[in-house]
Every structure is written in C-alpha cells, then in structure tokens.
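Notebook open, model loaded. I want to go through charges, fold, backbone oddities and salt bridges, and jot down what turns up.

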Amino acid sequence: MKKKLTTVMFRGTKAQEEQLIAVIDKYRDTEGAMMPVLQQAQEIYGYLPIEVQKIIAQRMDVSLEEVYGVASFYSQFSLNPKGEVAIAVCLGTACYVKGAGDIIDRISMKLGGLAAGDTSPDGKYSLEATRCIGACGLAPVLTVNNEVYGRLKKEDVDDILAKYM
C-alpha cells in the first residue's frame, strides 16, 4: 500500500526566527553545538520543520544534510508537528508481543489511514510509534496527550479515541 503524504503548512513567526537566530549565535562557535541548537529549536517551534533546518544549516555554515542527519537520527527530535491530539503507541518488546501492532493499525484506520509519524492535514491528530515508555507491566500501552492507557486490546481504541473526537 502506498503511503499517503500529508503536509502541514509551516507557521513560524518572526519572533520565533529571532529566538532561533539568538540560540544559533550563542552556540555557533561551540564544539558539539548541533545538539543544543536542535533541542532549543524544537522547544521554540515544537518540532524541526525543513524551514528551521535550513536556517540552522545556513547560520551554522554546515550542510542541510548534516542538520537533517542529526535531527532524523535521534528519537528526541520530531520532524513533524504534533497534533492537538497527540497519540503515541509503544512498540517496545513487551507491548509489541501483546498486540501493539494491532492497536496502531486500528488507530490508523480510525483516523482515515493516518500513518505512524504523520499529522493529519488539519493538524488535529498525530500518530507516533514509540519505543518503550517504561510501562511494560501495563502492556500494550498508548498515550494520548501524555495520558497513559494500558492493558489494551484493539477493541479499546474506539472508546479511547471517542473522548478526543
């Protein structure tokens, strides 16, 4: 099945850009500056869109590929905005063997085919497949806006999502 591409329009402000430039200028000549710059950029914008990555690359005099490589390698960084309803399904070992794959499939179906890692075009929902969240005793687990739901079956998804629709 071919993945649907969803795009959310970048809505950065001039004030955010000024904050970002101040952060870059603070760290520009510091060894290992990429990580703190990306961390603070994500704090400013909530994620690391390509527009922000380009500013970082230009002002730090590095390639866009280098910025993207770091941003896409570390799981702490998000390249997509989180939705108003941010759903994350743990796919760690305990959750996965207890049916987390079925749960994420059910959520995707209920949200019109939204794929893990994507945000709906209206910005309402985002779906993430995460690593272990440390609630293995409750496996399988998902979170919605950081509220934890555990010991799930795929049939539980409908009632959980109904609270946020």
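Charges first. I counted 19 positive and 21 negative side chains in the protein chain, and the centres of the two sets lie 6 Å apart. Note to self: this is a predicted model.

Then I asked how many salt bridges a search of the whole structure finds. The search gave three.

I started with D25. Its side chain meets that of R28 in a salt bridge at 2.1 Å, N to O. D25 also pairs with R59, at 3.1 Å, N to O. D25 sits in helix α1 and R59 in helix α3, so this pair ties together parts that are 34 residues apart in sequence. I logged D25, R28 and R59 as a linked network of salt bridges. Are they buried or exposed? D25 is partly exposed at 36% relative accessible area, R28 is partly exposed at 33%, and R59 is partly exposed at 29%.

The next pair I looked up was R106 with D158, where the closest N and O atoms are 2.9 Å apart. Because R106 lies in helix α6 (residues 100–110) and D158 in helix α7, the bridge ties together parts 52 residues apart in sequence. R106 counts as partly exposed at 21% relative accessibility, and D158 does too, at 26%.

On to the fold. I get seven helices and five strands for the protein chain. Reading along the sequence, I wrote down α-α-α-α-β-α-α-β-β-β-β-α. The C-alpha atoms fill a box of roughly 50 × 30 × 30 Å along the principal axes. Of the contacts with a separation of 6 or more, 62% are between residues 24 or more positions apart.

Burial next. Of the 165 residues in the protein chain, 42% are buried. I picked helix α3 (residues 50–60) for a closer look: V52, Q53, I55, I56, A57 and M60 are its buried residues. An α-helix has 3.6 residues a turn, so residues three or four places apart point the same way. What covers the buried residues of α3? I found that the cover includes α1 (14–27), α2 (34–45) and α4 (64–73).

For the outside, I noted an accessible surface of about 9,700 Å², with 51% of it belonging to carbon and sulfur atoms. A nonpolar patch of about 310 Å² is made by L91, Y96 and V97. V97 is in helix α5 (residues 93–97), and it counts as exposed at 64% relative accessibility.

Last, the backbone. Most residues other than glycine have a negative phi, and most peptide bonds are trans. That sent me after the exceptions. D61, just after α3, takes a positive phi of about 55°. N146 is not a glycine, yet it has a positive phi of about 70°; I placed it in the loop between β4 and β5 (147–149). R151, again not a glycine, has a positive phi of about 55° and lies in the loop between β5 and α7 (156–162). N146 counts as exposed at 71% relative accessibility, and R151 counts as exposed at 57%.

Where is the cis peptide bond I noted? It joins A139 and P140, with omega about -10°. P140 lies in the loop between β3 (125–130) and β4 (142–144).

Note on methods
Residues are numbered from 1 along each chain as its sequence is written. This is a predicted model: local features need pLDDT of at least 70, side-chain atom pairs count only at pLDDT 80 or more; totals for chains, interfaces and linings use all residues. Side-chain values use heavy atoms; hydrogens and water are left out. Helices (H or I, at least four residues) and strands (E, at least two) are DSSP runs, numbered from the N terminus. Buried means under 20% relative accessible area, exposed over 50%, partly exposed in between (1.4 Å probe, protein chains only). Contact means heavy atoms within 4.5 Å. Accessible areas come from the Shrake-Rupley method with a 1.4 Å probe; for residues, only the protein chains shown count as cover. Lys and Arg count as positive and Asp and Glu as negative; His and the chain ends are not counted. The place of a charge is taken as NZ of Lys, CZ of Arg, CG of Asp or CD of Glu. Patches are made of residues with over 30% relative accessible area and no salt bridge: like charges are joined within 9 Å, nonpolar side chains (Val, Leu, Ile, Met, Phe, Trp, Tyr) within 5 Å. A salt bridge is a side-chain nitrogen of Lys or Arg within 4 Å of a carboxyl oxygen of Asp or Glu.
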